[in-house]
Amino acid sequence: MSGDGSTGGREGVRGTLYIISAPSGAGKTSLVSALLEKQGEGLTLSVSHTTRQPRPGEVDGKDYHFVDSAVFREMIDAGVFLEHAQVFDNFYGTSRLSVDEQLSAGQDVILEIDWQGARQVRKALPKAVGIFILPPSREALEQRLRGRMQDDDEVIARRMADAASEMTHYREYDYLIINDDFEVALEELAAVMRCRRLQLPLQAQRQAGLLAALLEAAD
């Protein structure tokens, strides 16, 4: 995998790999879902493998590839994963081949992974773009976790403790977004990707025909 971190794919420009991380309850999944609808073509979400059980409404192959622990360990041994990590009592992993195929096809790819996985990806693909999402306060984070109505007090307390540890890693990322107002955070997330697509080296590749025509007289 070359991992050049460029964006676009159109006309042979390789896509950008975005790593998006956040503590549980910060709103990462909702923001990414809204972003995918907002951006349209050219942006896709990498579907991870996991050993956890599906939540209500989740679909195998769309939300996650659900596998058991034995299969997951076989995949680790076979070198299938670009990154993998244990989160709470379950394992999560990203298929190396799937990501590379999408980037090579010109798709910008989002990885929703934690800081452990992000470190592995950045080591393999140093030009991947990291975005960290934080809640506006610890109180807001706890309210969001309770609002899910999925976990008991013990699990929420554990998630809050893990969130405190997770949030200390924000310095390892390129961009920081505070999800206080959802629409503002969504626009900031979209702005990061618009900005990346306008970088000169990428635009020079994508707009090579136009630039050649515009500069023809100068030659």
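A crossing of two helices is called right-handed if the near helix is turned clockwise from the far one by less than a right angle, and left-handed if the turn is anticlockwise. In the predicted model described here, helix α1 passes α7 in a right-handed crossing of this kind. The axes of α1 and α7 come within 10 Å and cross at roughly 55 degrees, and this makes α1 oblique to α7. On the side of α1, the residues that meet α7 are Ser30, Leu31, Ala34, Leu35, Lys38 and Gln39; their counterparts in α7 include Phe182, Ala185, Leu186, Leu189, Ala190 and Met193.

A second helix pair is formed by α5, which spans residues 138-147, and α6, whose axes come within 10 Å and cross at roughly 140 degrees. Angles count as roughly antiparallel over 145 degrees, and α5 and α6 are therefore oblique to each other. The crossing of α5 and α6 is right-handed. Arg138, Leu141, Glu142, Leu145 and Arg146 of α5 take part in the contact, and in α6 they meet Asp153, Ile156, Arg159, Met160, Ala163, Ala164 and Met167.

The helices α1 and α7 reappear in the description of the nonpolar interior. The largest nonpolar core has 20 residues, and those with the most contacts inside it are Ile20, Leu35, Ile110, Ile131, Ile133, Leu189 and Met193. At least two residues of this core are supplied by each of β1 (17-21), α1 (28-39), β8 and α7 (182-197), and α7 gives the most, with six residues. A second, separate core comprises 17 residues, among them Leu17, Ile19, Val99 and Val109. For Met193, the contacts beyond four places in sequence are with Tyr18, Ile20, Leu35, Gln39, Leu43 and Ile110.

Aromatic side chains provide a further set of contacts. A pair of aromatic rings is described by the distance of the centres and the angle of the planes. With ring centres required to lie within 6.5 Å, the count comes to five aromatic pairs. The rings of Phe132 and Tyr173 have their centres 5.0 Å apart and their planes at 65 degrees, so this pair is edge-to-face. Because Phe132 belongs to strand β8 (residues 129-134) and Tyr173 to the loop between α6 (153-167) and β9 (175-178), the pair ties together parts that are 41 residues apart in sequence. Phe132 counts as buried at 0% relative accessibility, and Tyr173 is likewise buried, with a relative accessible area of 11%. Elsewhere, Tyr64, Phe66 and Tyr92 form one aromatic cluster.

The residues of this cluster are also found among the contacts of Thr50, which touches Tyr64, His65, Phe66, Val67, Phe91 and Tyr92 when residues up to four places away in sequence are not counted. Thr50 is found in strand β3, formed by residues 49-50, and is buried, with a relative accessible area of 0%. The C-alpha atoms of Thr50 and Ser165, which are 115 residues apart in sequence, are 22 Å apart in space.

Tyr173, the loop member of the edge-to-face pair, is also one of the contacts of Asp114, which, with neighbours within four places in sequence left aside, is in contact with Ser21, Ala85, Val87, Glu166 and Tyr173. Asp114 lies in the loop between β7 (108-112) and α4 (115-124) and is buried, its relative accessible area being 14%. Although Asp114 and Ser24 are 90 residues apart in sequence, their C-alpha atoms are 9.6 Å apart in space.

Two further residues, Asp68 and Arg73, are partly exposed. Asp68 is placed in the loop between β4 (65-66) and α2 and has a relative accessible area of 46%; from C-alpha to C-alpha, Asp68 and Asn90 are 9.8 Å apart in space, with their positions 22 residues apart in sequence. Arg73 belongs to helix α2, which covers residues 69-77, and its relative accessible area is 48%. The C-alpha atoms of Arg73 and Leu215 are separated by 55 Å, and the two residues are 142 residues apart along the chain.

Conventions:
Residues numbered from 1 in each chain as written. Predicted model: local features only at pLDDT ≥ 70, side-chain atom pairs only at ≥ 80, totals over all residues. Heavy atoms only, no water. Phe/Tyr/Trp six-rings, centres within 6.5 Å; stacked < 30°, edge-to-face > 60°. Helix = DSSP H or I, 4+ residues; strand = E, 2+ residues; numbered from the N terminus. Buried < 20%, exposed > 50% of the residue type's maximum accessible area, 1.4 Å probe, protein only. Core = buried A, V, L, I, M, F, W, Y, C linked by side-chain atoms within 4.5 Å. Contact = heavy atoms within 4.5 Å. Axes fitted to C-alpha atoms, helices over the stretch in contact; angles between N-to-C directions. Parallel < 35°, antiparallel > 145°, perpendicular 65-115°, else oblique.
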